[in-house]
Amino acid sequence: MKKAISIFFIVEIVISTLYFYSQKIFLNIEVAFLSAFLIILGSSFAYRKMIQTKVNSGEYEEDRDVLDTIDDPHELYDTTEINEAPLEELDLKQIVKEEKAKIKTLSLKNAKHGIKGSFALVRLAPYIFLVLGFIALKNNNILDLTYYLPALLIGIIVGSLVSRELLV
């Protein structure tokens with residue numbers, strides 16, 4: 001945690017020194033950096049919360065091993081028992097019902113869960129900051145994309161490093 005905070009503050013100190021060079025450059029870099037940083041951090045926290053909620057509710061099903069998925073994507077070599085009964089004894093209607101039950105369909109519960117994750121305040125606020133910051137820079141005629149766009153990349157990199165440190 002200390003490493004994550006120190007990474008953020010080191011970058012902020014470097015950006016803050018640009019204020020003495022040019023206020024226009026400082027504002028472009030600061031708004032872009034904070035926007036990207038907060039978007040990455042908010043998305044990481046929202047994703048972590050979603051995963052923890054699924055695990056705690058028991059909704060999470062253990063997936064197959066990654067190598068097994070690559071080697072056998074359609075489960076052709078699966079070791080589960082196959083019904084060896086003659087064709088006359090098989091209840092095809094029951095088999096179809098079981099297979100349909102295995103397929104996840106779009107339900108109100110799934111839609112609610114997806115909407116809830118998409119509109120989480122932790123994820124939505126940074127995007128609002130990005131849009132409003134961009135508009136404010138543009139309306140005040142101080143937007144300079146030569147500084148703004150690279151600062152977005154720096155924010156993404158630092159946000160990824162900090163979220164990795166905080167979420168582990």
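The buried residues of H7 (under 20% relative accessible area with a 1.4 Å probe, protein chains only) are covered by elements that include helix H1 (2–17), helix H2 (23–57) and H6, where cover is by contact, defined as heavy atoms within 4.5 Å. The model is predicted, so that local features need pLDDT of at least 70 and side-chain atom pairs count only at pLDDT 80 or more, while totals for chains, interfaces and linings use all residues. Residues are numbered from 1 along each chain as its sequence is written, and side-chain values use heavy atoms, with hydrogens and water left out.

Tyr148, Ala151, Gly155, Val158, Gly159, Val162 and Ser163 are the buried residues of H7. Helices are DSSP runs (H or I, at least four residues) numbered from the N terminus. The end C-alpha atoms of H7 are 32 Å apart, in agreement with the 33 Å expected for 23 residues at 1.5 Å a residue; the expected span is 1.5 Å times one less than the number of residues.

A nonpolar patch on the surface consists of Leu124, Ile128, Val131, Leu132, Phe134, Ile135, Leu145 and Leu149, with about 680 Å² of accessible area together. Such patches join nonpolar side chains within 5 Å, from residues with over 30% relative accessible area and no salt bridge; areas come from the Shrake-Rupley method. Helix H6 (121–139) supplies six residues, the largest share. Ile135, in helix H6, counts as partly exposed (20% to 50%) because its relative accessibility is 39%.

Glu12 lies in helix H1. Glu12 is buried without a salt bridge, and the nearest side chain of opposite charge, Lys3, is 19 Å away. A salt bridge requires a side-chain nitrogen of Lys or Arg within 4 Å of a carboxyl oxygen of Asp or Glu.

Definitions and conventions:
Patches are made of residues with over 30% relative accessible area and no salt bridge: like charges are joined within 9 Å, nonpolar side chains (Val, Leu, Ile, Met, Phe, Trp, Tyr) within 5 Å. Accessible areas come from the Shrake-Rupley method with a 1.4 Å probe; for residues, only the protein chains shown count as cover. Helices (H or I, at least four residues) and strands (E, at least two) are DSSP runs, numbered from the N terminus. Lys and Arg count as positive and Asp and Glu as negative; His and the chain ends are not counted.
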